[in-house]
Amino acid sequence: MPLHLPPPDDRLSGHTGYTRAHWEAMADHLLASVAPYATEGFSQYRLPGEPSISGTVSDGLEGYARTFLLAAFRIAGAQGDVAPELIERYASGLIAGTDPPATPSPGRR
């Protein structure tokens, strides 16, 4: 997925040209880039690569937690004016990861 940034604005940001719109575009890109690695129910993000010594479940939870923090800042900074799919994805992840189902799931912690 390619990253599309708005043109630099040297008037608002004389050093980098990056404005809030640039950082929002970057956050949206990063959050969209991890979506294909979500487990069923979005309670974990299992990124490619060698698992840590803690294992894939712990790594998946870490992936969720770190991206949840970025999503929270993105949603709050925009006062909720973001793609509804972003909010729904993380809400679903919270439910899938914490709600006791009838049958245990590997994504639940």
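In this predicted model, a nonpolar patch on the surface is formed by Leu3, Leu5, Tyr18 and Trp23, which together present about 370 Å² of accessible area. One member of this patch, tryptophan 23, has its place in helix 1, and with a relative accessible area of 53% tryptophan 23 is classed as exposed, because the cut-off for that class is over 50%.

The neighbouring position in the numbering, histidine 22, is likewise found in helix 1, yet histidine 22 is buried, its relative accessible area being 2%. The side chain of histidine 22 is directed to backbone atoms: the backbone oxygen of proline 6 is reached at 2.8 Å, and the backbone oxygen of proline 7 is reached at 3.3 Å. When residues up to four places away in sequence are not counted, histidine 22 touches Leu5, Pro6, Pro7, Pro8, Asp9 and Gly17. Leu5 therefore appears in two settings, as a contact of the buried histidine 22 and as a part of the nonpolar surface patch.

Attention may next be turned to the charged side chains, among which 4 salt bridges are counted in the model. In helix 1, the side chains of glutamate 24 and arginine 20 meet in a salt bridge, with a distance of 3.0 Å from N to O. These two residues, glutamate 24 and arginine 20, are 4 residues apart in helix 1, so that about one helical turn separates them. Their accessibility is not alike in class, since glutamate 24 is partly exposed, with a relative accessible area of 22%, whereas arginine 20 is exposed, with a value of 52%.

A salt bridge of another kind of placement is formed by aspartate 28 with arginine 74, where the closest N and O atoms are 2.8 Å apart. Because aspartate 28 lies in helix 1 and arginine 74 in helix 2, this pair ties together parts that are 46 residues apart in sequence. Aspartate 28 counts as partly exposed at 34% relative accessibility, while arginine 74, at 12% relative accessibility, counts as buried, because this value is under 20%.

Within helix 2, a further salt bridge is found where the side chains of glutamate 62 and arginine 66 meet, at 2.5 Å from N to O. Glutamate 62 and arginine 66 are 4 residues apart in helix 2 and are thus separated by about one helical turn. Of the two partners, glutamate 62 counts as partly exposed at 38% relative accessibility, and arginine 66 is exposed, with a relative accessible area of 59%. Through salt bridges that share partners, Arg20, Glu24, Asp28 and Arg74 are joined into one network.

The aromatic side chains form a further set of contacts. A pair of aromatic rings is described by two quantities, namely the distance of the centres and the angle of the planes. In the model, 6 aromatic pairs are counted. For tyrosine 45 and tyrosine 64, the ring centres are 6.2 Å apart and the planes stand at 15 degrees, so this pair is stacked, given that planes under 30 degrees apart count as stacked. The pair links distant parts of the chain, for tyrosine 45 is in the loop between helix 1 (20-34) and helix 2 (56-77), tyrosine 64 is in helix 2, and the two are 19 residues apart. Both partners are buried, tyrosine 45 with a relative accessible area of 1% and tyrosine 64 at 8% relative accessibility.

Tyrosine 64 takes part in a second stacked aromatic pair, formed with phenylalanine 68, in which the distance is 5.6 Å centre to centre and the angle between the planes is 20 degrees. Here both residues, tyrosine 64 and phenylalanine 68, lie in helix 2, and their spacing of 4 residues corresponds to about one turn of the helix. Whereas tyrosine 64 is buried, phenylalanine 68 is partly exposed, with a relative accessible area of 31%. Tyr45, Tyr64 and Phe68, together with Tyr90, form one aromatic cluster.

Terms used. Residues numbered from 1 in each chain as written. Predicted model: local features only at pLDDT ≥ 70, side-chain atom pairs only at ≥ 80, totals over all residues. Heavy atoms only, no water. Phe/Tyr/Trp six-rings, centres within 6.5 Å; stacked < 30°, edge-to-face > 60°. Buried < 20%, exposed > 50% of the residue type's maximum accessible area, 1.4 Å probe, protein only. Polar contact = N/O pair within 3.5 Å; in protein donor to acceptor, adjacent residues only side chain to side chain. Contact = heavy atoms within 4.5 Å. Patch = residues over 30% accessible without salt bridge, like charges linked within 9 Å, V, L, I, M, F, W, Y side chains within 5 Å. Areas by Shrake-Rupley, 256 points an atom, 1.4 Å probe, with all protein chains shown as cover.
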